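User: Could you take me through one part of this model in detail? I would like to see how a single strand fits in with its surroundings.

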Amino acid sequence: MSSPLPTGAIDERRLFEGDTGSFELPLRQLLVRLLRGPYLDGVAEPRLWQLVLDRRADIAAYVAEIFLVLEVDANRKIALLSPVDLEAAHTTAIAPRRALKREETLLALRLRLLLERHAGSGTDAVITREAAREILLEHRAPGDTDDKKLEENTDAALTRLLNLKLILPTELGDEYKVSGALALALPFAAIEEIPEYIKAIERVGTDDTEEFELETEEL
């Protein structure tokens, strides 16, 4: 972490009455951007990404005070804040988080596999609405023949992943780019674990599944 600034330097950086902060305006703006989430895309925002790299230690030390850790994926140029897993009072995530529903989780996991297949290829992983529908059809509960519900679940799952920015809109209305942030949102020690995880969800068959790190309120 940077050494403390002299009083004169702090005075020069006062932005409002009663301001006792020592960080300059760009770094404060970056902290707000990270706290708002869900993540920072370094490809889309190269200036902020470079600031993350330059001031990584300062950012990490600052957010640690409120039980958050800075995660940086240098290859995918993704930075985000994640709550720590600490069994103590008042250490849970500041923002309320809603668990992904069954269909949202299944789609996200299949897209995580798609993202892995495209890693290092120089091409974007993309998904169309029709392909998303086919994925959910494949994982539909035995005996479920409600096509109207399938269509609704497809649209709802895509909307939720869009709100979390795990998929991003493209120039085509029914096609979406899979964000590199999905790799941090769904961390697995080995990609081979994902199919077994999918099977476990299918066996349980409940409406809601466990919460992932990147989840946030609807935007």
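Analyst: Happy to! A good place to start is Val126, which stands opposite Lys177 in β6. Please keep in mind that this is a predicted model.

That pair belongs to an antiparallel pairing between strand β4 (residues 126-128) and β6, made over three bridges. Strand β5 (residues 167-169) also pairs with β6 in the antiparallel sense, again over three bridges. Here Leu168 has Lys177 in β6 as its bridge partner. Five residues lie between β5 and β6, and the two strands form a hairpin.

Now look at the two faces of β6, residues 175-178: Tyr176 and Val178 are on the covered face, while Glu175 and Lys177 are on the uncovered one. In a regular strand, side chains alternate between the two faces of the sheet.

From the covered face we can move into the interior. Val178 is among the residues that touch the most other members of the largest nonpolar core, which has 31 residues; Ile127 and Leu182 are also in that group. Strand β6 supplies at least two residues of this core, as do α5 (102-118), α6 (129-138), α7 (147-163), α8 (182-185) and α9 (193-204). The largest share, eight residues, comes from α5.

Ile127 ties several of these pieces together: leaving out residues up to four places away in sequence, Ile127 touches Leu111, Ala132, Ile135, Asp174, Glu175, Tyr176 and Val178. Apart from this core lies another, of 17 residues, including Phe23, Leu30, Leu48 and Ala79.

Definitions and conventions. Residues numbered from 1 in each chain as written. Predicted model: local features only at pLDDT ≥ 70, side-chain atom pairs only at ≥ 80, totals over all residues. Heavy atoms only, no water. Buried < 20%, exposed > 50% of the residue type's maximum accessible area, 1.4 Å probe, protein only. Helix = DSSP H or I, 4+ residues; strand = E, 2+ residues; numbered from the N terminus. Pairing = 2+ DSSP bridges. Core = buried A, V, L, I, M, F, W, Y, C linked by side-chain atoms within 4.5 Å. Contact = heavy atoms within 4.5 Å.
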